[in-house]
Structures are given as structure tokens and as C-alpha cells.
Amino acid sequence: MKTAAFYRIGLIICTSSILLLLISSLIYNLLPDNDIPQMLLLRNDDGRIIGDAPFAPSWQFPFGTDREGYDIGYKLLEGAIYTIGAAIIISLLSFIVAFGIGIFGGFSKFRVKSFAHKFFTAFYFIPQSIIAYNILYPVIWEPMEGFTTTLSERIVIEVLVLALITVPTTSILISNETEQILSEEFIASARVLGGSPLFIFYKHVFPHLKMRLFIIYPKIVIQMLLIIAHLGFFTLYFGGTDVCYTPFCHPPKPFIQEWSGMMGTSYKELGLSWWIFMGPLLCFTVTILLLNGITKCIAGLVEHDRYQRKQNSCEDETHSFESDSDKERFILLKN
């Protein structure tokens, strides 16, 4: 079994990497001169043209450039705060609502609870991206007469819709965890002694539940990143899709420079200038891996703490034996 130090170091590395990316993106967006570098033509020392955009990844452009000559690395840095920040905020709103519903469902004894549980379980099998697409299309896709809402209003609507979509599945998860804790013997003892539901939740349920919540939340963020990425492939970009209806104009494009929009507008480049699509895809992949690492490390710490408590309780019980042979037999039976 891995040591607690191993999981702590992994947790620090994964969390620090995401925070560093968010802080770097925030600082870059706040800079007064944050224009993305652009190079349409590459010339040699004699001034002769030796290449044109898009440029493949190189020492000068680690992530390459797009067809308009913009450095993809800077675009990814600029969009990190929008993509990851949006996923974190949406997941937090969903988590808060789901926490209240899940705790209420765990303590509830109403008959309607069984029906609600079966109804919410259906959301496990319905792709949440499809639900989000059908609800958000009239809001995000620009009509021929133009948007009647501002960018801020569209972002708020999208945040609320995406948060509500993930509430049912998260509520069931928290409700099941609460019911599992309430089925323990020490909860029955607390009820016999006259403990109220509020007292039982505060003193007994929440201390056992809180570490499990830290495991659930990164999973919600991963789920939200995937939904945002899927919407990008459906050309529904975060903040709205800029659609041109006149002949010979640009294809639908995002209003905000974020990763799902970059993927949605460049997936056709996969067979041509592959780096234009692979850049944002790589960022999504690394971010999800880091979040998954956070989940695994927290789960490892919880399991290690549980194992240590079990060992300590076993050692305490062996103190009551008179001989070493009795102690050894007890340990063998215990294991």
C-alpha cells in the first residue's frame, strides 16, 4: 500500500499545476498589451519568403500557428481561464444545489423519494451534452437578426443551465453516500440517545461525508469539461456562436477565445494542419488527467487513513490479551 506522503505529493503537484495555469492565464488576460503574436509570412535574412501560415510546431512556435498566423500557445494561455474557470464555477453551483438535495434525500423517508430516485437515475443514461444542446441552442446560436441578449446574459444563462443539468446525478451520488453513513451502527445509537436529524448530520454524518465530497467535486469538474468540449463540436461555443448569414463570409466562430471553441472550429484541420486541433485537445486531456489525479490522491488518503484507524483499533484490542499466542491468534482471525 502506498504511503500517505505519496498521495500528498501527488495531490500537491496536480493542484499546483492547475492553479499555476489559471493564475498565468489570469495575469496574461489582465496585461494591458496582451495581443496574440501573429506571423503570416516567414522570411530569411535576405528578406525572401520561405514559408507562410499555418506554421508547424517549432522552437519559435511550440504549439504552432493557425491559418491566420496567430500563435496557438498564446491562444491556449488566454483561453485557460475561461474554460477551466467556467467549469469550476459551474461545477461549484451544481455541487451546492446537489448537496442540499442529496442530504435531504438521504434523511428523507417519504414515499416519493423512490420515484424521484428512479427519475433522476435516468440522467445517467441520457447524454447530458444532448440535453444541454437542445436547451442552449436558442440562446447561444446567433439568429439572422442578431442576438437580443448581451454576452454577459448569455454566459449567465449557460452557466445556470449547465449547472442544473448535472444536479440530478450528483444529488443521487450524495444521497447514496448519506444513506450509507446513516446505516452505520453508531448512527442508530445516536438516534436511540435522542439525537435530532440536525445534530446527527453535524456531529456524525458530515465528518464522515466531507472527504467523500472532495472526491466527488473534481469528478463534476471533469464531467463539465467534457460537456463544454462536446458543445464545442456542436458549434455551440461558450458565450455564444457568431454566425454570418451573408454569402462568402466566415464560418461560425466563438466570441470568447476558449478551448472548446478552438476545437470546434479546427477539428477539420486534423488531416491537414493537425497541430491546430491537437493543441486545445492536449490541454483538455492534461487538465482532465490532473483532475483525475486529484481525485485518486484524495481517495488514496481516505483509504490510507481508514487503514491506519483499523490498525490502531486492532492494536488497542490486542493489549487486553494475556499471552502473545492469544494475541497472534486474534490478529489472524481479524485479518
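Student: In this predicted model, which residues of helix α4 are buried?
Tutor: Burial is judged by relative accessible area, and a residue has to fall under 20% to count as buried. In α4 the residues that meet this condition are Q128, S129, I131, A132, L136, V139 and I140.

Student: What do the buried residues of α4 pack against?
Tutor: Packing is read here from contacts, which require heavy atoms within 4.5 Å. For the buried residues of α4, the partners are three helices and a strand, namely α5 (151-165), α6 (167-182), α8 (197-233) and β3 (241-242).

Student: How far apart are the end C-alpha atoms of α4, and what span should its residues give?
Tutor: Helix α4 covers residues 128-140, which is 13 residues, and at 1.5 Å a residue these should span 18 Å. The model agrees with this expectation, because the end C-alpha atoms of α4 are 17 Å apart.

Student: Where in α4 does a kink lie?
Tutor: The kink in α4 amounts to about 35 degrees, and the proline P138 comes shortly after it along the helix. The residue at which the kink lies is N134.

Student: How many of the 16 residues of α6 are buried?
Tutor: Helix α6 is mostly covered, and its buried residues include V167 and P168 as well as I181 and L182. Out of its 16 residues, the number buried is twelve.

Student: What span should the 16 residues of α6 have, and how far apart are its end C-alpha atoms?
Tutor: The reasoning again uses 1.5 Å a residue, which for the 16 residues of α6 gives an expected 22 Å. The two values agree, because the end C-alpha atoms of α6 are also apart by 22 Å.

Student: Which residue of α6 meets R212 in a salt bridge?
Tutor: The side chains of this pair meet at 2.6 Å, N to O, which lies within the 4 Å that a salt bridge allows. R212 lies in helix α8 and its partner in helix α6, so the pair ties together parts that are 35 residues apart in sequence. R212 is buried, as is its partner, and that partner is E177.

Student: How many residues apart are R67 and E269, whose side chains also meet in a salt bridge?
Tutor: The salt bridge between R67 and E269 has a distance of 2.6 Å, N to O. R67 stands in the loop between β2 (49-52) and α2 (72-107), while E269 stands in the loop between α9 (259-266) and α10 (274-318). The pair therefore links distant parts of the chain, since a salt bridge joins side chains and these two residues are apart by 202 residues.

Student: Is E269 buried or exposed?
Tutor: Its partner R67 counts as partly exposed, because its relative accessibility is 43%. For E269 the relative accessible area is 15%, which is under the 20% limit, so E269 is buried.

Student: Which residue does P54 join through a cis peptide bond?
Tutor: P54 is found in the loop between β2 and α2. The omega of this cis peptide bond is about 5 degrees, and the residue joined to P54 is A53.

Student: Is F248 buried or exposed?
Tutor: F248 has its place in the loop between β3 and β4 (253-254), and its phi is near 60 degrees, a positive value in a residue other than glycine. Its relative accessible area is 89%, and because anything over 50% counts as exposed, F248 is exposed.

Definitions and conventions. Residues are numbered from 1 along each chain as its sequence is written. This is a predicted model: local features need pLDDT of at least 70, side-chain atom pairs count only at pLDDT 80 or more; totals for chains, interfaces and linings use all residues. Side-chain values use heavy atoms; hydrogens and water are left out. Helices (H or I, at least four residues) and strands (E, at least two) are DSSP runs, numbered from the N terminus. The expected span of a helix is 1.5 Å times one less than its number of residues. The bend at a residue is the angle between axes fitted to the seven residues ending there and the seven starting there. Buried means under 20% relative accessible area, exposed over 50%, partly exposed in between (1.4 Å probe, protein chains only).
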